[in-house]
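Thanks, everyone. I have one structure to go through today, and I will keep to what can be read from it.

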Amino acid sequence: MRLFVQVIYVSFLLIFSSVKILAQDIHFSQYIHSPLNLSPAGTGFFNGDVRANAVYRSQWNSVTVPYETFSLAYDQVVGKIAVSGSRNAVGILVNNDRAGDGNLGTLQVLASFARLFSIGEDSIHFINVGIQGGFSYRNIDFNKLTFDNQFNGDVYNATISSGEQFEKDNYIYPEFNAGIAWLGLFENTQCSAGLSMQHLNKPGISFLNETVKLPVHWQVYSSVWLRSEDMISFNPSIIYMGQEEFRELTGGMEIKVNLNRDVARNYSFGAGLHYRFDDAIIPSAAVYYNQWRLGLSYDINVSDLKRASNGHGGPEFNVTYIMKKIRYNVRKNNCPVY
């Protein structure tokens, strides 16, 4: 009972200790379960040696042309593993995003490398340092956009020249990201926290012949797994991000119920509720079956845009597969399966 009260208290702190927020860039409601998007330090940061992850998100279908995002990620442990648990990992991340009437597209291909360090002789503290590099390809269909010059005073006429001149409808720019994460394994409790920085090289982005720098996008996040003795675990989490003057804060909790007492098997059901401040309430559900996790969340819009969206935000599907062959070398605890 004491554990449950502590979890509820932490969750209320996560949700209500927030400030007004806005944000940019690709990100997901199930942020903890898209680790390579969360941070390069998410590479290899799991209990196993091979992981694959897929995410699909659709947003604002009731308002305009839906914003659709696909994400595929793969990471694995490479090389020898030290007795302490220290190890190297590599990964690949591919994101494809389509947005708005002009079908604005962004394709990201990023490779990552991370090194996990064991801190101290008891092997209950770990630091993971990761880097990520690659490129992004952005394109737009200007023929699908409308301009004020194409209105003749009464109706829109597509045959009228827009009067606009664009130098190009696509471009490629390099990406460089970095991150650091901490993991602590304690009795019935596993804690993690991290910091990631994206667009560290501040690449130039523009469909015109001018220099527009993409600002650095930073994220600070934390997650805790609290396990009780009655086969129930609690996972409060929080993420705070920013890009120039824009901010976003999301927090909440998932409750996971183990349906099988055999520790060698993982038959569990999870239900969660998160809140993206001044934007959306996010209920979620998940099924854990051995090495698989299938998650579904839905953004319920509560911002001023709800007048147009009728409260509809969008669904997000997440599938994760982890092949376990190794464990961190700890006496009593295992690293959590994110």
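A salt bridge, as I use the term here, is a side-chain nitrogen of Lys or Arg within 4 Å of a carboxyl oxygen of Asp or Glu. Arg-293 and Glu-254 count as one because their closest N and O atoms are 3.6 Å apart. This pair links distant parts of the chain, with Arg-293 in strand 13 and Glu-254 in strand 10, 39 residues apart. Arg-293 and Glu-254 are both buried.

Before the other pairs, the overall picture. This is a predicted model. The chain has 3 helices and 14 strands. Of its 338 residues, 46% are buried. If you take contacts between residues at least 6 apart in sequence, 58% of them join residues at least 24 apart. The exposed area is about 16,900 Å², with carbon and sulfur atoms supplying 59% of it.

Back to the charges. The whole structure contains 7 salt bridges. Asp-299 meets Arg-57 in one of them, at 2.6 Å from N to O. Asp-299 is in strand 13 and Arg-57 in strand 1, so this pair ties together parts that are 242 residues apart in sequence. Arg-57 also meets Glu-316, at 2.8 Å from N to O. Glu-316 belongs to strand 14, so that pair ties together parts 259 residues apart. Asp-299 and Arg-57 are buried, and Glu-316 is buried as well. Which residues make up the network of salt bridges? They are Arg-57, Glu-248, Arg-276, Asp-279, Asp-299 and Glu-316.

Three of those residues come up again with His-27. His-27 sits in the loop between helix 1 and helix 2. Leaving out neighbours within four places in sequence, His-27 contacts Arg-57, Met-241, Glu-248 and Arg-276. Is His-27 buried or partly exposed? His-27 is partly exposed, because its relative accessible area is 23% and the buried class ends at 20%.

Asn-37, in helix 2, falls on the other side of that cut-off: at 13% relative accessible area, Asn-37 is buried. The side chain of Asn-37 makes a polar contact of 2.9 Å with that of Ser-71. Beyond four places in sequence, the residues Asn-37 touches include Phe-28, Leu-93 and Gln-219.

Next, strand 12. In a regular strand, side chains alternate between the two faces of the sheet. Strand 12 shows this along residues 280-289: Ala-280, Ile-282, Ser-284, Ala-286 and Tyr-288 point to one face and are buried, while Ile-281, Pro-283, Ala-285, Val-287 and Tyr-289 point to the other and are not.

Strand 12 runs antiparallel to strand 11, joined by 10 bridges, and Gly-272 stands opposite Ser-284. The hairpin between these two strands has 3 residues in between, and Asp-278 there takes a positive phi near 60°. Strand 12 also pairs with strand 13, again antiparallel, over 8 bridges. That hairpin has 2 residues between the strands, with Asn-290 at a positive phi near 50°.

Val-287 stands opposite Leu-294 in strand 13. Both residues belong to a nonpolar surface patch of about 790 Å² accessible area, whose members also include Phe-269, Trp-292 and Val-319. Strand 10, strand 12 and strand 13 each supply at least two residues of the patch. Leu-294 itself is partly exposed, at 45% relative accessibility.

That is what I have; I will take questions.

Technical notes. Residues are numbered from 1 along each chain as its sequence is written. This is a predicted model: local features need pLDDT of at least 70, side-chain atom pairs count only at pLDDT 80 or more; totals for chains, interfaces and linings use all residues. Side-chain values use heavy atoms; hydrogens and water are left out. Helices (H or I, at least four residues) and strands (E, at least two) are DSSP runs, numbered from the N terminus. Buried means under 20% relative accessible area, exposed over 50%, partly exposed in between (1.4 Å probe, protein chains only). Contact means heavy atoms within 4.5 Å. Accessible areas come from the Shrake-Rupley method with a 1.4 Å probe; for residues, only the protein chains shown count as cover. A polar contact is a pair of N or O atoms within 3.5 Å; within protein, one must be able to donate a hydrogen and the other to accept it, and residues adjacent in sequence count only if both atoms are side-chain atoms. Two strands pair if DSSP finds at least two bridges between them. Patches are made of residues with over 30% relative accessible area and no salt bridge: like charges are joined within 9 Å, nonpolar side chains (Val, Leu, Ile, Met, Phe, Trp, Tyr) within 5 Å.
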